[in-house]
Amino acid sequence: MKTYWKDFLDEISKDNSKILLSTFLDQCIFLEESENSAIIVCAGEAAANYIKQNELKKIEQYISSSMGREISISVDIDQELLKDIEETKQLEEDIQGNKTPTDLNGVDIESIKKDTRKRANLDPRSEERRVGKECLRLCR
């Protein structure tokens, strides 16, 4: 399903009439919950509402037709999750750029990971968050 999501993103990025959708989807992540369901997690209410009201059915139809079976996609808002993901992305980019932890202004990567896990455990959806983060990490 993730492959079809990426195909969808590629397709809309080429269509100038979809610039608003593309902008909102840049603020979201796609998490596969099962083989027939997924969730789009948005950083803000505006993005989530726009996608729910205007684009969700089209996204479901695109991915369903690509996969050859019906799927269900929901939309949720979670600013903390996306903030954590952005921090993780930046750290991974810095590490891939051969920067060492001391090059990262004294940032201790392990303490950030522990802090993220600790915050995630306070939320009732912590398991979903953890799995989502792990999926994102593995997909890179």
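A salt bridge here is a side-chain nitrogen of Lys or Arg within 4 Å of a carboxyl oxygen of Asp or Glu. I keep that cut-off at hand for what follows, and I note that this is a predicted model.

**Entry 1: salt bridges**

I looked up the pairs that pass this rule, and the count comes to three salt bridges. I began with glutamate 55 and lysine 18, whose closest N and O atoms are 3.9 Å apart; that pair counts because the cut-off is 4 Å. This pair links distant parts of the chain: glutamate 55 sits in helix α3 and lysine 18 in the loop between α1 and α2, 37 residues apart.

Next I found glutamate 55 again, meeting lysine 58 at 3.8 Å, N to O. Both of these residues lie in helix α3, three residues apart, about one turn of the helix.

My last pair was lysine 57 with glutamate 60, with 3.6 Å between the closest N and O atoms. Lysine 57 and glutamate 60 are likewise in helix α3, three residues apart, about one turn of the helix. I also traced shared partners: Lys18, Glu55 and Lys58 are joined into one network.

**Entry 2: how covered are these residues?**

Is glutamate 55 buried or exposed? I read a relative accessible area of 5%, so glutamate 55 is buried. Its partners in the network read otherwise: lysine 18 is partly exposed at 23%, and lysine 58 is partly exposed at 43%. In the remaining pair, glutamate 60 is buried at 11%, while lysine 57 is exposed at 60%.

**Entry 3: the fold and its core**

I stepped back to the whole protein chain, which has six helices and three strands. From the N terminus the order of elements is α-α-β-β-α-β-α-α-α. Of its 140 residues, 35% count as buried.

Then I checked the largest nonpolar core, which holds 23 residues. Ile40, Ile51, Ile63 and Ile73 have the most contacts inside this core. The elements giving two or more residues to the core are α1, α2 (19–25), β1 (28–34), β2 (37–42), α3 (45–67) and β3 (72–77). Helix α3 gives the most, with eight residues. I was pleased to meet α3 again, having just seen lysine 57 and glutamate 60 there.

**Entry 4: a charged patch**

Which residues gather in a patch of negative charge on the surface? I found Asp7, Asp10, Glu11 and Asp15 there. I looked further at glutamate 11, which belongs to helix α1 (residues 2–13). Its relative accessibility is 47%, so glutamate 11 counts as partly exposed.

Conventions. Residues numbered from 1 in each chain as written. Predicted model: local features only at pLDDT ≥ 70, side-chain atom pairs only at ≥ 80, totals over all residues. Heavy atoms only, no water. Patch = residues over 30% accessible without salt bridge, like charges linked within 9 Å, V, L, I, M, F, W, Y side chains within 5 Å. Areas by Shrake-Rupley, 256 points an atom, 1.4 Å probe, with all protein chains shown as cover. Lys, Arg positive; Asp, Glu negative; His and termini not counted. Charge placed at Lys NZ, Arg CZ, Asp CG, Glu CD. Helix = DSSP H or I, 4+ residues; strand = E, 2+ residues; numbered from the N terminus. Buried < 20%, exposed > 50% of the residue type's maximum accessible area, 1.4 Å probe, protein only. Core = buried A, V, L, I, M, F, W, Y, C linked by side-chain atoms within 4.5 Å.
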